[in-house]
Amino acid sequence: MNQVAFPQPLASTPRLVLRNDLIHRRLQMGDRTLWVTKDPIAGDFFYFSEREYTLLSALDGRSPDAIAADYRRHHGNDVLSPDGLVSFLAEVQRSGLLRGATTTPESEPPAAARSQGGFRGGLMSPLAIRLPGFNPDRLLDFIEPKTRWIFAPLTLSLAVVWMLLGAAIVGLRAETFFLELRQSQAWAPAGMMGVVIVVIALTKIVHELAHAVTCRRYGGSCTEIGLMFLVMIPCLYCDVSNAWLQPRRSRRIAVSAAGMFAELWIAATAAVLWSITIDGPLHWTCLSIVVVCSVSTLLFNGNPLMRYDGYYILSDLLRIPNLASESSAAMMRRTKQLLTGIVPADRGKGSEPLLIGYAIASLVYRLVVIGAILFAIHKLAIAYHLQILAWMVTAPMLFGLLRGSWRQVGTLRLSNWERRAMRRGRVAIVNLLVILLLAAGLLIPWPQRIVLPFIAKVGDQQDVYIAQPGSLMSVAAEGTRVKRGDAIASLRNHELDLELESLAAEETTLEQRLDRVASLRSEDPTAAAQIPALREWIAAIKEKIALRKREQAALQVVAPRDGMVFAAASPGESATAAGGDAGWTGSLLDDRNLGCFLTRGTHLCSIGSPDERTVALFASHREIGFIRLGQTVELHRLGAPGARVSGIVTRIDAQPVSQLPHELVVNQLVSVEPNAGSGDQPMEPTYQIEVALSDVDQPLRLRATGSARVHVGYQSLLQRLSRFLADSLRFELNP
């Protein structure tokens, strides 16, 4: 406990008797000696100092007055004042450590009690629902003897080397790694996604079993393993809280880190397999495993700001077992002191600044994570018109947050002696300042930016398409300056060449036949009758030859205007999306694509001004109302962190677009209708905005994509909240 608790009336009870089913262990945390007490029914842990534990052990049925008198005879009043003693006893009773004070019937199995508590908590927070589990003792009895070799120093050293090798492989091929991550359409099919989900689920099972096996290996026990839904995603949970009964700190840290260690081991193996395999199910599965078992594991499980593996590791490193409650108590003590001017009796120790800093960082991080999750849920709900479902998920969670916040505020309640010592003038001034700051934060307009996807275009560009299918024989390089009528590319169609040769031969044959018939018309009257038909036939052949020669001439692609040649999209971003095998990669202007066959309508390149650039932004119907002509825009290119280009809004389309650029869909910058019949149709009404670039020192590549921040003016937090609620609460019940 180790926190200041202010005097409250102790509930009437004839006897103060400590429960005899509690489990007590002594821990040495640096220069401090602590006692950890486990409630086997509720599954909770409590921490006491030496003298607090002495007081706890004295609860053998005597009255509080008798216990206090005995305590003062042995220790004096140097630790707990009379008010503090009564408060301590009341806290012990509220925690359910006394007979008759348990919140769960003692006859109920501990695992069932914990599971029911977790399920009831899940009802208040649907983003983390924990279902009843089972006792894994028989499973661990089978697994633990067969995994003892893993804990050998040589095995652990080789595992670390293997992880470093995996990290080096990903680092050396970072460009390819991130490029393949963006090309998610390669493993998006349902069958492939099913394989990936199964593999990810198996890795998470290994993560939790690693905790359980390590805890058992070092003499602890795993009381429960079960299923939980974290942000609606099924995953496994494993209760190894008994590790806190382990007196050796290194072993407690090992239990906490075992899951992450196992996942990093798997990630290293997947990285090696990814580097030696080609495109296919195994390659893309390994890529997803590397991401899930390394980046996501370190960001979530290794993050000490939430109560996952990293939190318990940090608690042990700081030698503060109840880090969250200690830091929260320190922050509330300091808050009370600032509000009232009363210096608490327990001023904390030298670690108080660290505890307060951790409490603030943890609070901010939790709010950011919860806000991001709720924002994503409501944005998706608005797109699919499922606002009611979103609020069904959100409302219990908000209620739980408000209830927890109210409990924290409740710790600021003052005792009678604190009310008498309170500086009322200071309290009034502080409260007024707090109200003014809150009002300023809610009402003062703040700069507002809207993030929109963009695709780059050349100023007054003109796209060049293949008019006749054929094999690419030559092509101008990107950046070549051309004039109207200059040759850009040359194609050859072997079938067309053969057809022209056949038509020429047929024309020659018909002309020779016409000559023979004409020479015989004076001798044979029937020959004269064949002459008109032969002439018409020859004329038709000549017309067909002329048509084919025009088609052959179209195989020579010329510039439609003066300007510079710019590459078009690669087949990985456009052509293959149509369902065909393009037979070429990268840009058609690359020499490696010479000889590839191009179909009619293929986008060969674009001709435009070498010094002018524009970009097209795409805004939904909820965002377009904030866009105005002349607003400034800051562009961030995809794959080029730190590279920024500025521009100004010059045109806003009045009608929504019917199709989105496929490059934006491929890079997951926009959402499209699932299973759309044709093209990439936007999920909601979307408008195009044209931006003229003002900085051309680093011109954008044609059809480059990224995100644009549009400065749309100023708006207060209250106005933004009102707009968000208006969008979220616009229920559409009618089909």
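User: Which residue in strand 15 does Asp-463 stand opposite?
Analyst: Keep in mind that this is a predicted model. Strand 8 and strand 15 (residues 603-608) are paired in the antiparallel sense, over four bridges. Strand 8 covers 462-465, and the residue in strand 15 that faces Asp-463 is Ser-606.

User: What is the strand order of the open sheet that holds strand 8 and strand 15, and which strands stand at its edges?
Analyst: Four strands make up this open sheet, with antiparallel pairing, in the order 8-15-13-10. A strand at the edge has a single partner strand, so one side of it is left without a neighbour in the sheet. Here that goes for strand 8 (462-465) and strand 10 (481-482).

User: There's an open sheet in the order 12-11-9-14 too; which strands are at its edges?
Analyst: That one is also an open sheet of four strands, and the pairing is antiparallel. Each edge strand has a single partner strand, so one side of each lacks a neighbour in the sheet. The two in question are strand 12 (556-558) and strand 14 (597-598).

User: Which residue of strand 14 is the bridge partner of Gly-470?
Analyst: Strand 9 (residues 470-475) and strand 14 run antiparallel, joined by two bridges. Strand 14 is 597-598, and the bridge partner of Gly-470 there is Leu-598.

User: How many bridges join strand 7 to strand 20, and what is the bridge partner of Val-451?
Analyst: Strand 7 (residues 446-458) and strand 20 (residues 705-715) run antiparallel, with ten bridges joining them. Val-451 has its bridge partner in strand 20, and that residue is Arg-709.

User: And strand 17: which residue of strand 20 is the bridge partner of Val-633?
Analyst: Strand 17 (residues 632-637) is joined to strand 20 by five bridges, and these two strands run antiparallel. Val-633 has its bridge partner in strand 20, namely Val-710.

User: Is Val-430 buried or exposed?
Analyst: Val-430 lies in helix 16 (residues 424-443). Its relative accessibility is 19%, and the cut-off for buried is under 20%. So Val-430 counts as buried.

User: What does Val-430 contact once its neighbours within four places in sequence are left aside?
Analyst: Leu-338 is 92 residues away from Val-430 in sequence, yet their C-alpha atoms are 7.9 Å apart in space. With the sequence neighbours set aside, Val-430 is in contact with Leu-338 and Leu-339.

User: How do helix 17 and helix 18 run relative to each other: roughly parallel or roughly antiparallel?
Analyst: The axes of helix 17 (residues 494-520) and helix 18 (residues 525-553) come within 9 Å and cross at roughly 160°. Angles over 145 degrees count as roughly antiparallel, so helix 17 is to helix 18 roughly antiparallel.

User: What hand does that crossing of helix 17 and helix 18 have, and how many charged residues are in the contact?
Analyst: The crossing of helix 17 and helix 18 is left-handed. By class, their contact has 16 nonpolar residues and two polar ones, and the number of charged residues is twelve.

User: Glu-507 is in helix 17, so which residues does it touch beyond those up to four places away in sequence?
Analyst: Glu-507 is a helix 17 residue. With a relative accessible area of 15%, Glu-507 is buried. Leaving out residues up to four places away in sequence, Glu-507 touches Ile-541, Lys-542 and Ile-545.

User: How do helix 6 and helix 9 pack, and how many charged residues does their contact have?
Analyst: Helix 6 (residues 153-172) and helix 9 (residues 249-276) have axes 8 Å apart and an angle of about 50°. That makes helix 6 oblique to helix 9, and the crossing is left-handed. Residues in the contact include Trp-162 and Met-163 of helix 6 and Phe-261 and Trp-265 of helix 9. By class there are 13 nonpolar and four polar residues, while the count of charged residues is: none.

User: How many residues of strand 2 are buried, and what does Trp-35 stand opposite?
Analyst: Strand 2 (residues 32-39) is mostly covered, with seven of its eight residues buried. Six bridges join strand 2 to strand 3 (residues 44-49), and the two run antiparallel. In strand 3, Trp-35 stands opposite Phe-48.

User: Zooming out, what percentage of the protein's 735 residues count as buried?
Analyst: The protein has 20 helices and 20 strands. Among its contacts between residues at least 6 apart in sequence, 75% join residues at least 24 apart. Of the 735 residues, the share that counts as buried is 42%.

Note on methods
Residues are numbered from 1 along each chain as its sequence is written. This is a predicted model: local features need pLDDT of at least 70, side-chain atom pairs count only at pLDDT 80 or more; totals for chains, interfaces and linings use all residues. Side-chain values use heavy atoms; hydrogens and water are left out. Buried means under 20% relative accessible area, exposed over 50%, partly exposed in between (1.4 Å probe, protein chains only). Contact means heavy atoms within 4.5 Å. Axes are lines fitted to C-alpha atoms, for helices over the stretch in contact, and angles run from 0 to 180 degrees between N-to-C directions. Angles under 35 degrees count as roughly parallel, over 145 as roughly antiparallel, 65 to 115 as roughly perpendicular and the rest as oblique. A crossing is left-handed if the near helix is turned anticlockwise from the far one by less than a right angle, and right-handed if clockwise. Ala, Val, Leu, Ile, Met, Phe, Trp, Tyr, Cys and Pro count as nonpolar, Asp, Glu, Lys and Arg as charged, and the others, Gly among them, as polar. Two strands pair if DSSP finds at least two bridges between them.
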